[in-house]
Amino acid sequence: MTILCVRFQLPPTREAALPELLGLLEEFTPVVEALPPDRALADLRGAERYFKRDALELASVIRVRALALHGVDCVIGAGPGPMLARMALKDARPGVTCSVPENAVADFLADRPVAVLPGVGTATARVLCEYGLDTLGRVAAAPLSTLQRLVGAKAGRELHEKANGVDRGRVVPNGVSRSLATERPFTRDELDPGRHRRALLSAAEELGSRLRALDKVCRTLTLTVRYADRTATTRSRTLGEPTAHSAALTRAAYGMYEALGLQRARVRSIALRAEGLDSAEQAFHQLAFDPTDDKLRRIEEAADRARARFGPLAVLPGALAA
């Protein structure tokens, strides 16, 4: 086992701590891949030799340091490759690392539903289950030619390899997290589109405020709607220009929400993620002759000063849209 998949138990308000936690992992290995908002992959092949400890022992040290230095607990999965480490993470719990030894990969995968395999979507899983290939063990035992007839030549080959535990993934170092997220849970499953929109407005204003506080802009906005049956829908939109402007983020969020065409959906929570963060100083801004836009930006500046002086509740959600 040389790969760890670590999920730091960070509340949305503490996502700014992720770069420091990635730095903790980099004390053991330079091969760390951030998986925002709260996860990371770490390749410990070199660390095992250098520290003369195996991955499970190093995982214990990482957990203790995260708690002692940052007050953050973590859940860790370990495996011979990134895919298996991610799958092991789902079975892990705080204080106990779930590991997949290299000689036990087949047993680990055999009874798992085919839908848990990375890259297998709902449609592919449905097709496989219709032919009785509902577990990874059965998929692994199926002839390659059969899988290729069902899902295509390339997808069939990849599916066959993954089901047999062949993990060709690599940990690709990518530095610190390049995203910010916030979530608005409802106290009960919410049917009212008006309340959905108010939650979107509040989330977009918070993201805009946090981006401006960090002197960052984002290139992409992602909306995740979670439903009462525990399913979720995710949509992303590339913005016309990198921005931290709350009004622009709100328009993009509303557009994605309207495109979902939800009809009497029982929504449990709504989350927004700003991705592709970059320095505000290096971003371009398309000049506009709309005095309303300039007015909104001046109001934002005043609201940001009020938040900095009196706290995040100094400006009520939706006030900038009033």
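Helices α8 and α9 lie oblique to each other in this predicted model, and this pair makes a good starting point for a tour. Their orientation follows from a crossing angle of roughly 130°, because angles that fall outside the roughly parallel, roughly antiparallel and roughly perpendicular ranges count as oblique. Helix α8 spans residues 144–151 and helix α9 residues 153–163, and their axes come within 7 Å. The crossing of α8 past α9 is right-handed. On the α8 side, the contact involves Leu-144, Leu-147, Gln-148 and Val-151. These residues meet Ala-153, Ala-155, Gly-156, Arg-157, Leu-159 and His-160 of α9. By residue type, the contact of α8 with α9 comprises six nonpolar, three polar and one charged.

A second helix pair can be described in the same way. The axes of α10 (residues 193–213) and α11 come within 8 Å and cross at roughly 145°. Here too the crossing is right-handed, with α10 passing α11. From α10, the contact draws on Pro-193, His-196, Arg-197, Leu-200, Leu-201, Ala-204, Glu-205, Leu-207, Gly-208, Ser-209, Leu-211 and Arg-212. Their partners in α11 are Ser-246, Leu-249, Thr-250, Ala-253, Tyr-254, Tyr-257 and Glu-258. The residues of this contact between α10 and α11 divide into ten nonpolar, five polar and four charged.

Moving from helices to loops, two arginines stand out for their backbone angles. Most residues other than glycine have a negative phi. Arg-230, although not a glycine, has a positive phi of about 75°. This arginine is found in the loop between β7 (216–227) and β8 (232–243). With a relative accessible area of 73%, Arg-230 is exposed. Arg-264 also departs from the general pattern, with a positive phi of about 55° although it is not a glycine. The loop that holds Arg-264 runs between α11 (246–260) and β9 (267–275). Arg-264 counts as exposed because its relative accessibility, 66%, is over the 50% cut-off.

Finally, the cysteines deserve a brief look. A search of the whole structure for disulfides finds zero. Cys-129 has a relative accessibility of 40% and therefore counts as partly exposed. Cys-218, by contrast, is buried, and its relative accessible area is 0%.

Conventions: Residues numbered from 1 in each chain as written. Predicted model: local features only at pLDDT ≥ 70, side-chain atom pairs only at ≥ 80, totals over all residues. Heavy atoms only, no water. Axes fitted to C-alpha atoms, helices over the stretch in contact; angles between N-to-C directions. Helix = DSSP H or I, 4+ residues; strand = E, 2+ residues; numbered from the N terminus. Parallel < 35°, antiparallel > 145°, perpendicular 65-115°, else oblique. Left-handed = near helix turned anticlockwise from the far one by under 90°. Contact = heavy atoms within 4.5 Å. Nonpolar A, V, L, I, M, F, W, Y, C, P; charged D, E, K, R; others polar. Disulfide = S-S within 2.5 Å. Buried < 20%, exposed > 50% of the residue type's maximum accessible area, 1.4 Å probe, protein only.
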